[in-house]
Amino acid sequence: MAEDVAEGERYGRLVATALIMFSQKQNSPHRADVGKMLVHSGYRRRGLARRLLDALEASARDHDRTLLMLDTETGSAGEALYRANGWVSFGVVPGHAYTPDSVPKPTTFFYKVIDPQT
Ligand SMILES: CC(C)(COP(=O)(O)OP(=O)(O)OC[C@H]1O[C@@H](n2cnc3c(N)ncnc32)[C@H](O)[C@@H]1OP(=O)(O)O)[C@@H](O)C(=O)NCCC(=O)NCCS
């Protein structure tokens, strides 16, 4: 498939991304970080991010990862997404990250425990 795209035989559109990063540390073989969750502005509120989260959780299970972590800007669509999908917030850090126009904004930190059986 990737080869077909490279050769121009298939045409598609990338409309959403997400990343799962498995911890390489000795003390956390059960843990992974989620990041780079982004849905194209013309494709939002159609359940794509929810489907990506489901896929990330399936990937976590496949790799025996039972604790997922992430953070997002407080008050953002991302925060609403994670709250709606069973993520637990455990704190807000004021002024944690700068916006592209250099305004410091708070970040909310989340975790989710993954049941290896489901
Ligand atoms: C956050 C983001 C990834 C959500 O993607 P999406 O595909 O629109 O989300 P979904 O359609 O899967 O939404 C699932 C649920 O999350 C919640 N949700 C998602 N976006 C929301 C918003 N803007 N406001 C309120 N709730 C929202 C809702 O509960 C929604 O269910 P519903 O549509 O049935 O009400 C998307 O808005 C985005 O790319 N934003 C910019 C980048 C960003 O903020 N990324 C997160 C950084 S960690």
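Student: Is Lys-36 buried or exposed in this structure?

Tutor: This is a predicted model, so the answer comes from counting atoms in that model. Lys-36 is in strand 2. A residue counts as exposed if 12 or fewer other C-beta atoms lie within 10 Å of its own. Because Lys-36 has 10 C-beta neighbours inside 10 Å, Lys-36 counts as exposed.

Student: What is phi of Lys-36 near?

Tutor: Most residues other than glycine have a negative phi. Lys-36 is a residue other than glycine with a positive value. Its phi is near 55 degrees.

Student: Where is Arg-45 found, and what is its phi?

Tutor: Arg-45 is found in the loop between strand 2 and helix 2. Arg-45 is exposed, with 8 other C-beta atoms within 10 Å. Although Arg-45 is not a glycine, its phi is positive, at about 60 degrees.

Student: Let's step back to the whole chain. Which pattern does it follow along the sequence?

Tutor: The secondary structure of the protein chain comes to three helices and five strands. Read along the sequence, these follow the pattern α-β-β-α-β-α-β-β.

Student: In what order do the five strands lie in the sheet?

Tutor: Strands of a sheet pair through backbone hydrogen bonds, either parallel or antiparallel. Here the pairing is mixed and the sheet is open. Strand 1 (16-22) and strand 4 (88-98) are the edge strands, each pairing on one side only. The twist averages 25 degrees from one strand to the next, and the order is 1-2-3-5-4.

Student: How many bridges pair strand 1 with strand 2?

Tutor: Within this pairing, Leu-19 stands opposite Gly-35 in strand 2. Strand 1 and strand 2 pair in the antiparallel sense, and the number of bridges is six.

Student: Which residue in strand 3 stands opposite Arg-31?

Tutor: Strand 2 and strand 3 run parallel and are joined by three bridges. Opposite Arg-31, in strand 3, stands Leu-67.

Student: How do the helices sit on the sheet, and what angle does helix 3 make with strand 3?

Tutor: Helix 2 lies across strand 1, strand 2 and strand 3, and runs at about 25 degrees to strand 1. Helix 3 packs on the sheet too, touching strand 2, strand 3 and strand 5 (104-113). The direction of helix 3 makes an angle with that of strand 3 of about 150 degrees.

Student: Which element gives the most to the largest nonpolar core?

Tutor: In soluble globular proteins, nonpolar side chains tend to be buried together. The largest nonpolar core here has twelve residues, including Val-34, Leu-52, Leu-56, Trp-87 and Phe-110. Strand 2, helix 2 and strand 3 (67-73) are the elements that give two or more residues to this core. With five residues, the element that gives the most is helix 2.

Student: Which residues is Leu-56 in contact with, leaving aside its neighbours within four places in sequence?

Tutor: Leu-56 belongs to the largest nonpolar core. Once its neighbours within four places in sequence are left aside, Leu-56 is in contact with Ala-18, Ile-20 and Val-34.

Student: What share of the residues of the protein chain counts as buried?

Tutor: A residue is buried if 20 or more other C-beta atoms lie within 10 Å of its own. The protein chain has 118 residues, and its C-alpha atoms fill a box of roughly 50 × 40 × 25 Å, taken along the principal axes. The share that counts as buried is 14%.

Student: Now the ligand, please. Which element gives the most to the shell around it?

Tutor: The ligand is surrounded by 17 residues, and the closest are Arg-44, Ala-49, Ala-77, Gly-78 and Ala-80. Strand 2 (31-39), helix 2 (48-62) and helix 3 (77-84) each supply at least two residues of this shell. With five residues, the element that gives the most is helix 3.

Student: How many residues of that shell are nonpolar, polar and charged?

Tutor: The shell around the ligand draws on helix 2 and helix 3, among other elements. Its residues divide into nine nonpolar, four polar and four charged.

Student: One last pair: what distance separates the C-alpha atoms of Gly-75 and Lys-112?

Tutor: Gly-75 is found in the loop between strand 3 and helix 3, and counts as exposed with 12 C-beta neighbours inside 10 Å. Gly-75 and Lys-112 are 37 residues apart along the chain. Their C-alpha atoms are separated by 19 Å.

Terms used:
Residues are numbered from 1 along each chain as its sequence is written. This is a predicted model: local features need pLDDT of at least 70, side-chain atom pairs count only at pLDDT 80 or more; totals for chains, interfaces and linings use all residues. A residue is near a molecule or strand if its C-beta atom, placed from the backbone, lies within 6 Å of it. Helices (H or I, at least four residues) and strands (E, at least two) are DSSP runs, numbered from the N terminus. Ala, Val, Leu, Ile, Met, Phe, Trp, Tyr, Cys and Pro count as nonpolar, Asp, Glu, Lys and Arg as charged, and the others, Gly among them, as polar. A nonpolar core is a set of buried Ala, Val, Leu, Ile, Met, Phe, Trp, Tyr and Cys residues joined through C-beta atoms within 7 Å. Two residues are in contact if their C-beta atoms, placed from the backbone, lie within 7 Å. Two strands pair if DSSP finds at least two bridges between them. Axes are lines fitted to C-alpha atoms, for helices over the stretch in contact, and angles run from 0 to 180 degrees between N-to-C directions.
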